[in-house]
Amino acid sequence: MHPNVKIFITIFCYISGVMGVVTAVLNASQQPTQTTAAVVAGVIGAVFLLAGIALSRRPRL
């Protein structure tokens with residue numbers, strides 16, 4: 001993978017992950033609580049954060 005494309009995808013994953021977690025917190029703090037939306041947004045955010053971490057690691061030699 002071209003390094004610039006990898007950096008772009010990594011940054012996209014980090015931003016999407018943070019936004020997913022923030023959305024989950026906002027949905028969970030509403031009254032009445034939107035539990036399903038909060039769980040879905042949290043899971044999607046966590047997946048994107050893990051993808052960003054996996055892409056930003058240095059390759060093992």
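Which residues does Ser16 touch, not counting residues up to four places away in sequence? In this predicted model, the residues that Ser16 touches are Gly45 and Phe48, once those up to four places away in sequence are set aside. Ser16 itself lies in helix 1, and because its relative accessible area is 18%, below the 20% limit used for burial, Ser16 counts as buried. To see where these contacts sit, it helps to begin with the chain as a whole.

The secondary structure of the chain comes to 2 helices and 0 strands. Its radius of gyration is 14 Å, whereas the globule rule gives 10 Å for 61 residues, and because the value for the chain is well over that figure, the chain is more spread out than a compact globule. The box filled by the C-alpha atoms, taken along the principal axes, is roughly 50 × 20 × 10 Å. Of the 61 residues in the chain, 18% are buried, and the accessible surface comes to about 4,700 Å², with 73% of that area belonging to carbon and sulfur atoms. When contacts are restricted to residues at least 6 apart in sequence, 66% of them join residues at least 24 apart.

The aromatic residues offer one example of a link between distant parts of the chain. A search of the whole structure finds 1 aromatic pair, and its partners are Phe12 and Phe48, whose ring centres are 6.1 Å apart; because their planes stand at 90°, over the 60 degrees that the class requires, the pair is edge-to-face. Phe12 belongs to helix 1 and Phe48 to helix 2 (residues 35-56), so that the pair joins positions 36 residues apart. Neither ring belongs to a buried residue, since Phe12 is partly exposed at a relative accessible area of 46% and Phe48 is partly exposed at 29%. Phe48 is also one of the residues touched by Ser16.

Helix 1 spans residues 3-29, and Val5, which is placed in that helix, is partly exposed because its relative accessible area is 40%, between the limits of 20% and 50%. Val5 joins Met1, Phe8 and Ile9 in a nonpolar patch on the surface, and together these residues have about 430 Å² of accessible area.

Further along helix 1 comes Asn27, which counts as buried because its relative accessibility is 15%, under the 20% limit. Not counting residues up to four places away in sequence, Asn27 touches Thr33, Gln34, Ala37 and Ala38. Between helix 1 and helix 2 there is a loop that holds Pro32, and the peptide bond that joins Gln31 and Pro32 is cis, with omega at about 0°.

In helix 2, Leu50 gives a contrast to the buried residues described above: at 58% relative accessibility, over the 50% limit, Leu50 counts as exposed. Leu50 is 12 residues from Ala38 in sequence, and the distance between them in space is 18 Å, C-alpha to C-alpha. Ala38, in turn, is among the residues that Asn27 touches, while Phe48 is the partner of Phe12 in the aromatic pair.

Technical notes:
Residues numbered from 1 in each chain as written. Predicted model: local features only at pLDDT ≥ 70, side-chain atom pairs only at ≥ 80, totals over all residues. Heavy atoms only, no water. Patch = residues over 30% accessible without salt bridge, like charges linked within 9 Å, V, L, I, M, F, W, Y side chains within 5 Å. Areas by Shrake-Rupley, 256 points an atom, 1.4 Å probe, with all protein chains shown as cover. Salt bridge = Lys/Arg side-chain N within 4 Å of Asp/Glu carboxyl O. Helix = DSSP H or I, 4+ residues; strand = E, 2+ residues; numbered from the N terminus. Buried < 20%, exposed > 50% of the residue type's maximum accessible area, 1.4 Å probe, protein only. Phe/Tyr/Trp six-rings, centres within 6.5 Å; stacked < 30°, edge-to-face > 60°. Rg over C-alpha atoms; globule rule 2.2 N^0.38 Å. Contact = heavy atoms within 4.5 Å.
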